[in-house]
Amino acid sequence: MILKSLSLVNFKNYEEAVLEPNSNVNCFIGENGQGKTNVLDAIYYLAFCKSFFNPIDSQNIRHDQSFFVIQGTFVRSKKDENYFCGIKKGQKKQFKRNKKEYEKLSEHIGRIPLVMISPADSFLITDGSESRRKFVDGVIAQFNKSYLDNLLNYQRALSQRNALLKSFAENRNFDADSLAIWNEKLITFGEPIHRERHNFLEEFIPLFQKHYKKITENAENVNLKYSSAMNEKNLQELLEEFLGKDQALRYTTQGIHKDDLTFEIDKYPLKKFGSQGQQKSFVIALKFAQFEFIRLKKGTMPLLLLDDIFDKLDSKRVEAIIEMVSTDDFGQIFITDTNMERIKPILKKIKKAYQLFDVIEGGVQNHE
Amino acid sequence: MDVSSKYLQHAVEEIASLPGIGKKTALRLALHLLKRTKSEVEHFSGSIAQMKEHIQFCQKCGNISDEEKCGICSNPRRDPQVVCVVEDLRDVMAIEATQQFNGLYHVLGGVISPMDGIGPGDLNIASLLSRIEDDKVNEVILALSVTMEGDTTGFYLYKKIHQLGIEVSSIARGVSIGDELQYTDELTLGRSIIQRRPYEQV
Ligand SMILES: [Zn+2]
């Protein structure tokens, strides 16, 4: 998949911008605050119908304006596809493909495969387990529709069971039959989710390790571990075993909503023992693995957006990463960076065509 | 709203208390009634009062009724040993419209949903179980919405009724997932009652 042209009106700090990216490597160079990340966010909008950074659509409208429009033409197997995203204050989001509006935005998700790598991804290491479950769920849901249904149903059954536990506590009563029907739902939807997560990680972990090795040139051994009480016992047994605890705490303490992904570096927890550079490489390897996984499952080359990821990496790693993404395992790339002098000599070495853009105060221009 | 008559204002407020009716519509309806003859309006308000006064819930099935027992339960041509369990009386009307069912009904009055504070004790479940034994019911058909709560309620009832040694079936799921029963078209609903399946196979 290739982005052939992009036009913005009133999007973030852009009054108007039109650009025609190269089908290989594109670099947006500018000082902080000039708007280079906003170009990537606009591309992200076309893939996911929302901003990577700010989930409130109207806050992405240029200051003092009432609407924004992002339009993009993509090429898929030699055919053009036009996408339109329009946000007007106080109105429903408009999202069109070839001038036809989608009935549901969920129909669009997955149509433009795209992976964005940004410094904000470090939340995968620093935040709680929910962020890591979301990462895993997001990748699986891209190619497995029933997975998302199971997740939504599981969530509903969980809310019902928690409400029931709360009412038991408040009314000082207990009814095993009432509880059993919600246990049954949690098991029906939770067991397949556990299986899918397990199967996914079996395929995903080797990809991740391969990419980490490439980025760091075999520096350390890294691992991901699927931690779930359901690896040892089935959910039925767990719900029975922890019933007393659930009743005391008034919520469900067992199930796939408690799963986590453990990050290890040379067998130690990454969060405590990994240096800043190692953590950064770890997250980039995770995203590269996600990229490869989507490419393999979907059979289409995703777009890759690299937002300011070279900050805090030494130039050897920067070079290794740019070399990697300019191989045939990757397709069209969009990179932002602040340092023209650093990036230019590296790009000159790669075998692929590239285009540099200067970004100054909400304007994008080809750099000659 | 500022109107010149407090009587009009009271009428508008009452009408606007109905679901889906705003102040503007209420005013339009009130002014319309004002234009009608006195006897017409008396007839109108009287029928509403009479409805509230005389309608009761059938002691057997929980359906609305003018007598202690509803027209369906007291119809000798219907088979009292087959009972179809539904959520509310709109479902009874929907199934009756298909003309495919000749047994009796049992109206639960909702589905189990702890989030909404509804447990088995808040529904007509005890009366269903005692009725099964008293009337020697030999088949119970579950016709509940294909929502998670409808499904869970069905599972709860199945376990209770199955213990009594009674056959439990569920309407065939031509009904798409997440559908409320009363919004399913007659043809689909009629077919799914005829093609009901033993509960275990659902
Ligand atoms: Zn009746």
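Let me start in chain B, where the crossing of helix α1(B) with helix α2(B) is right-handed. Before I go further, please keep in mind that what we are looking at is a predicted model, and that everything I describe is computed from it.

Staying with that pair, α1 of chain B covers residues 6-16 and α2 of chain B covers residues 23-35, and their axes come within 8 Å and cross at roughly 125°. Since angles over 145 would count as roughly antiparallel and 65 to 115 as roughly perpendicular, α1(B) and α2(B) are therefore oblique to each other. On the side of α1(B) the contact is made by L8(B), A11(B), V12(B), I15(B) and A16(B), and on the side of α2(B) by K23(B), A26(B), L27(B), L29(B) and A30(B). If we sort the residues of this contact by type, we find 9 nonpolar, no polar and 1 charged.

Now to where the two chains meet. Here 10 residues of chain B are in contact with 14 residues of chain A, and the chain B side of that contact divides into 6 nonpolar, 3 polar and 1 charged.

Part of the picture between the chains is a helix pair, in which α5 of chain A, residues 176-216, and α6 of chain B, residues 148-162, have axes that come within 10 Å and cross at roughly 125°. These two helices, α5(A) and α6(B), are therefore oblique to each other, and α5(A) passes α6(B) in a right-handed crossing. From α5(A) the residues D177(A), I181(A), W182(A), E184(A) and K185(A) take part, and they meet M148(B), T152(B), F155(B), Y156(B) and K159(B) in α6(B). The residues of this contact divide into 5 nonpolar, 1 polar and 4 charged.

While we are on α5(A), I would point out a kink of about 30° at F204(A), which lies shortly before the proline P206(A). Just after α5(A), the residue E217(A) takes a positive phi of about 55°.

Let me turn to the sheet of chain A, which is open and is formed by 6 strands in the order β8-β12-β13-β3-β14-β15, with mixed pairing. Its edge strands are β8 (114-117) and β15 (363-366) of chain A, each of which pairs on one side only, and from one strand to the next the twist averages 20°.

At the β8 edge, 4 bridges join β8(A) to β12(A), residues 303-307, and these strands run parallel; within this pair, M116(A) stands opposite L305(A) in β12(A). Two helices of chain A pack on the sheet. Helix α1 of chain A, residues 36-48, touches β3, β8, β12, β13, β14 and β15 of chain A, and its direction makes about 150° with that of β12(A). Helix α9 of chain A, residues 276-298, touches β8 and β12 of chain A, and its direction makes about 175° with that of β8(A).

At the other edge, β14(A) and β15(A) are joined by 4 bridges and run antiparallel, with D358(A) opposite Q365(A) in β15(A). The hairpin of β14(A) and β15(A) has 2 residues between the strands, and in this hairpin E361(A) takes a positive phi near 45°.

Conventions. Residues numbered from 1 in each chain as written. Chains lettered and ligands numbered in written order. Predicted model: local features only at pLDDT ≥ 70, side-chain atom pairs only at ≥ 80, totals over all residues. Axes fitted to C-alpha atoms, helices over the stretch in contact; angles between N-to-C directions. Parallel < 35°, antiparallel > 145°, perpendicular 65-115°, else oblique. Left-handed = near helix turned anticlockwise from the far one by under 90°. Contact = placed C-beta atoms within 7 Å. Nonpolar A, V, L, I, M, F, W, Y, C, P; charged D, E, K, R; others polar. Pairing = 2+ DSSP bridges. Bend = angle between axes of the 7 residues up to and from the residue.
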